[in-house]
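This report describes selected local features of one protein model and its ligand. The sequence and structure come first, followed by notes on strands, cores, ligand surroundings and single residues.

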Amino acid sequence: MGARARLAFDEVLLAGLAGDGGLYVPEHVPKLPEDTRLGAGELSYAELAARIMAPYVGGAVDDDDLAELVADAYAAFDHPDVCPLVALDDDHWLLELFHGPTFAFKDVALQVVARLFDHELERRDDRATIVAATSGDTGSAAMEAVAGRDRLDIVVLHPAGRTSEIQRRQMTTLDASNVHAVAVDGTFDDCQDLVKAMFGDEPFRTESRLAAVNSINWARVAAQIVYYVWAARLLSDERPVTFCVPTGNFGNVLAGHYARRMGLPIGRLLIASNTNDILSRLVETGELAAHGVTPTLSPSMDIQISSNLERLLFELFDGDGAATAALLGRFRAEGRAGLSAEQHRRIRAEFAGDRLDDPETLDVMGRVHAGSQMLIDPHTAVGVGVAQRCRRPQELVVSLATAHPAKFPEAVARATGRTPEPPPALAAVADRPERCTSLPNRVDAVKDFVRSVRRD
Ligand SMILES: *Cc1c(COP(=O)(O)O)cnc(C)c1O
């Protein structure tokens with residue numbers, strides 16, 4: 001960003017994945033293709049995705065290959081609409097993003113990104129080893145997306161004993177020889193430090209062809225733009241749509257911002273936070289202020305500073321990379337940094353937000369169940385609760401449902417007295433044998449493991 005070079009999509013795909021720093025933004029945001037506009041005729045989800053992603057992929061993958069790759073990615077989703085829209089109450093809809101293989105919204109992008117990656121490596125006759133740390137959902141979604149891909153291996157580190165049973169089993173029961181779950185004797189931060197240390201070791205990184213699939217990868221954002229357009233097309237209402245997004249790393253809501261820049265008529269983007277509310281506070285106050293991370297019922301949103309926010313700040317500084325870096329440097333050093341009044345005004349023109357704590361989240365889950373018999377997961381509930389609070393009269397609102405309720409059965413049961421029925425593929429992880437390697441919290445041990453599983 002800023003001083004960094006201009007790159008073609010294939011280079012961004014690999015560069016964004018090659019270090020853990022590269023934060024690229026498209027130089028030019030394309031307008032929505034004519035045939036994807038509202039009312040321009042029916043398209044399947046996969047057809048829409050191929051058309052919307054094509055201008056970003058820009059020649060790195062030809063249109064037919066892209067269409068095929070995207071169709072293949074979404075064929076495994078357990079709903080024909082891929083991301084179905086369900087009525088919640090008057091003018092308030094839920095967009096279900098959890099019909100992929102791991103039942104959380106990360107699948108929507110990662111299923112495509114792993115295939116793009118494999119395709120590009122095929123073209124280059126090369127291979128890569130993805131290394132990642134996870135506290136929950138991203139690890140299993142990345143492993144599931146990479147399972148069986150010819151040119152990729154993946155090693156995912158999780159803190160031993162600190163993920164939920166379901167999350168661990170989703171990682172350890174995959175039946176594919178190129179995916180590897182590692183339980184590290186340490187915390188999530190230790191796992192992240194190990195990954196950083198591996199990326200920081202240039203000879204090891206080159207020798208092992210290390211790659212990352214973290215949420216700052218631009219291809220993930222591009223794939224997530226699609227469902228905003230999809231929902232608006234399904235509604236085909238005259239009113240612009242306001243989206244409410246349960247937010248952690250800002251990747252999901254950033255995709256909404258790009259959908260708007262591509263010309264989608266979006267009303268407001270509502271940033272829904274749990275107790276870790278640095279982003280909704282930013283919108284409210286114009287200041288980034290660190291408060292530390294508190295564990296909540298919606299763990300995938302327990303994030304302090306979201307890396308994707310840098311992309312929005314870069315726009316607010318009108319593309320001045322040095323000024324963006326200075327603000328973030330100040331924030332890291334002092335725990336707070338403020339926007340100018342003009343920048344704050346620009347954020348507020350587009351975004352609003354609020355937060356729900358755990359009791360409020362449980363209350364929303366209970367009320368939704370009482371009103372409509374629907375079970376929703378705690379992340380989704382944070383979004384629904386914020387949407388209900390922020391809604392204006394006559395506003396058309398879509399809340400993004402980011403995880404299947406059966407991924408968080410304890411919270412759902414606490415809120416509603418009912419245990420959600422797991423989809424068959426999720427129920428199956430309870431019976432399959434686990435495969436997991438336990439390693440000490442030492443970088444040499446993890447490096448040896450990566451060397452031992454890599455296929456050359
Ligand atoms: C990752 C995740 C989020 C947060 O999404 P961001 O793109 O990080 O803002 C919300 N809900 C669930 C279930 C997730 O897995």
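## The sheet around β3

Strand β3 is joined to strand β4 (residues 152-159) by six bridges, and the two run parallel. Two strands count as paired if DSSP finds at least two bridges between them. Helices (H or I, at least four residues) and strands (E, at least two) are DSSP runs, numbered from the N terminus. This is a predicted model, in which local features need pLDDT of at least 70 and side-chain atom pairs count only at pLDDT 80 or more, while totals for chains, interfaces and linings use all residues. Residues are numbered from 1 along each chain as its sequence is written, and side-chain values use heavy atoms, with hydrogens and water left out.

Within the pairing of β3 and β4, A133 stands opposite L157, and T129 stands opposite D153. T129 also has a bridge partner in β6, namely L210. The pairing of β3 with strand β6 (residues 210-211) is parallel and spans two bridges. Five strands in the order β6-β3-β4-β5-β13 form an open sheet with parallel pairing. Its edge strands, β6 and β13 (437-439), each pair on one side only. In general, strands of a sheet pair through backbone hydrogen bonds, either parallel or antiparallel.

Strand β3 (residues 128-133) is mostly covered, with five of its six residues buried. Buried means under 20% relative accessible area, exposed means over 50%, and partly exposed is in between (1.4 Å probe, protein chains only). Together with helix α5 (residues 137-146) and β4, strand β3 makes a right-handed β-α-β unit. The crossover is called right-handed if, with the strands pointing away from the viewer, the path from the first strand over the helix to the second runs clockwise.

## Nonpolar cores

The largest nonpolar core has 78 residues, of which Y45, Y74, L95, Y227, Y228 and F243 touch the most other members. Helix α9 (residues 218-235) supplies the largest share of this core, 14 residues. Apart from this core lies another, of 27 residues, including L88, C244, V364 and V368. A nonpolar core is a set of buried Ala, Val, Leu, Ile, Met, Phe, Trp, Tyr and Cys residues joined through side-chain atoms within 4.5 Å.

Leaving aside neighbours within four places in sequence, Y74 is in contact (heavy atoms within 4.5 Å) with Y45, A46, A49, V82, V108 and V112.

## Ligand surroundings

There are 15 residues around the ligand, and K106, D137, G248, N249 and T402 come nearest. A residue is counted here if one of its heavy atoms lies within 4 Å of the molecule.

Oxygen atoms of the ligand are approached by backbone atoms: a polar backbone atom of G251 is 3.2 Å from one, and a backbone N or O atom of N252 lies 2.9 Å from one. For T402, a polar side-chain atom lies 2.9 Å from a nitrogen atom of the ligand.

## S300 and T242

Residue S300 is found in the loop between β9 (287-289) and α12 (309-316). S300 is partly exposed, because its relative accessible area is 23%. The side chain of S300 makes a polar contact with the side chain of D137 at 2.8 Å. A polar contact is a pair of N or O atoms within 3.5 Å; within protein, one must be able to donate a hydrogen and the other to accept it, and residues adjacent in sequence count only if both atoms are side-chain atoms. Not counting neighbours within four places in sequence, S300 is in contact with D137, G248 and H379. The C-alpha atoms of S300 and F317, 17 residues apart along the chain, are separated by 29 Å.

T242 lies in strand β7 and counts as buried at 1% relative accessibility. Its side chain makes a polar contact with the side chain of E395 at 2.7 Å and reaches the backbone nitrogen of R268 at 3.0 Å. Beyond residues up to four places away in sequence, T242 touches G267, R268, L270, E395, L396, V397 and V398.

## Positive phi values

F250 is not a glycine, yet has a positive phi of about 70°. F250 lies in the loop between β7 (241-246) and α10 (251-261), and counts as buried at 2% relative accessibility.

D318, also a residue other than glycine, has a positive phi near 50°. D318 is placed in the loop between α12 and α13 (321-334) and is exposed, with a relative accessible area of 63%.
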